[in-house]
Amino acid sequence: MTISETLERVAANKSFGGWHARYRHRSRALDCDMVFAVYLPPQAETQRVPLLWWLSGLTCTDENFMQKAGAHRVAAELGMAIVCPDTSPRGTDLPGEHDSYDLGSGAGFYVNATREPWKRHYRMYDYLTEELPSLVRQHFPVNGREAISGHSMGGHGALVMALRRPGHYRSVSAFSPIVNPSQCPWGRKAFSAYLGEDPGAWTQYDACELVAKGASSQRLFIDQGEADDFLEEQLRPERLEAVCAEHDHPLTLRRQPGYDHSYYFIASFIEDHLRYHAEHLTKR
């Protein structure tokens with residue numbers, strides 16, 4: 001067994017008859033140690049189960065969703081495993097990595113960086129589409145049926161990964177996603193640092209651009225709070241709505257009055273998303 005295939009369990013807690021655990025491993029893609037969390041429902045003790053990937057947002061780690069979303073109860077009922085990775089490489093201490101909340105630490109944006117000093121470590125797209133899935137399949141009783149979801153920056157990551165990999169995920173959803181990062185301050189800052197100043201290099205990580213190019217025809221399911229402080233400047237769901245309408249791409253976009261960008265919003269509607277994914281994960 002190679003070093004990247006070795007897992008160290010750092011914590012475990014019984015939850016709704018299943019187990020939530022955190023693991024550390026050495027990542028080849030990121031060239032650093034990484035921690036991720038797994039929730040295994042009680043059904044996983046006797047059979048292989050479907051898997052939901054959850055990608056978190058800016059400043060988050062693997063812990064935010066697992067502790068705050070209230071997903072374990074429904075996942076246990078549905079027999080669904082959840083894997084929650086970290087949002088960026090850790091322990092690299094690159095120049096400027098910790099200077100702002102929206103670049104570097106906790107802000108990997110789920111891309112493969114091509115510019116210095118980021119390109120050696122900030123390869124989150126490869127980590128989450130190749131390395132970590134291989135590790136999960138090797139060590140946990142999952143059955144190969146996968147769905148993906150996320151929040152904010154993680155919603156962006158979920159949409160991009162699903163659109164770029166047609167047929168891989170049975171379903172995709174997002175809470176408050178950054179749908180057009182090449183046209184918002186968060187995305188422009190991150191993309192110019194990680195990918196360079198050519199906007200043409202950014203389109204492969206932009207959900208609106210991918211829909212416009214016909215990358216996939218998979219339905220997108222999105223919840224967006226109408227009281228979200230980032231709605232007008234950063235998130236702009238109407239842009240995705242317009243491009244989906246123009247290109248006849250299936251989209252369910254629910255606007256939720258009074259809800260903000262917090263985990264109170266996610267906890268309020270996570271059951272809807274889990275049941276949506278379970279419906280697709282159990283189809284033959």
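**View 1. The surface and overall build of the predicted chain.** About 11,600 Å² of the protein chain is exposed, with carbon and sulfur atoms supplying 46% of it (areas by the Shrake-Rupley method with a 1.4 Å probe; for residues, only the protein chains shown count as cover). This is a predicted model, so local features need pLDDT of at least 70 and side-chain atom pairs pLDDT 80 or more, while totals for chains, interfaces and linings use all residues. Residues are numbered from 1 along each chain as its sequence is written, and side-chain values use heavy atoms, leaving out hydrogens and water. The chain has 9 helices and 9 strands (DSSP runs numbered from the N terminus: H or I of at least four residues for helices, E of at least two for strands). Its radius of gyration is 18 Å, close to the 19 Å from the globule rule for 284 residues, so the chain is as compact as a globular protein of that length (taken over C-alpha atoms; the rule is 2.2 Å times the number of residues to the power 0.38). Buried residues make up 59% of the 284 (buried is under 20% relative accessible area, exposed over 50%, partly exposed in between, with a 1.4 Å probe and protein chains only).

**View 2. F109 and the largest nonpolar core.** Here we're inside a core of 69 residues, where F36, F109, Y194 and L240 have the most contacts (a core is a set of buried Ala, Val, Leu, Ile, Met, Phe, Trp, Tyr and Cys residues joined through side-chain atoms within 4.5 Å). Leaving aside residues up to four places away in sequence, F109 touches L58, T87, D102, M153, H156, I178, W186, G187, A190, F191 and Y194 (contact means heavy atoms within 4.5 Å). A second, separate core of 24 residues includes V74, M80, F265 and I266.

**View 3. Helix α5, wrapped up by its surroundings.** Of the 11 residues in α5 (residues 185–195), 8 are buried, so the helix is largely enclosed by the rest of the structure. Among those buried are W186, G187, A190 and F191. The buried residues of α5 pack against α4 (153–164) and α7 (231–235). Just after α5 comes G196, with a positive phi near 100 degrees.

**View 4. A162 in helix α4.** A162 sits in α4 and is buried, with a relative accessible area of just 1%. Not counting residues up to four places away in sequence, A162 touches I148, Y169, V172, S216 and Q218. V83 is 79 residues from A162 along the chain, and their C-alpha atoms are 16 Å apart.
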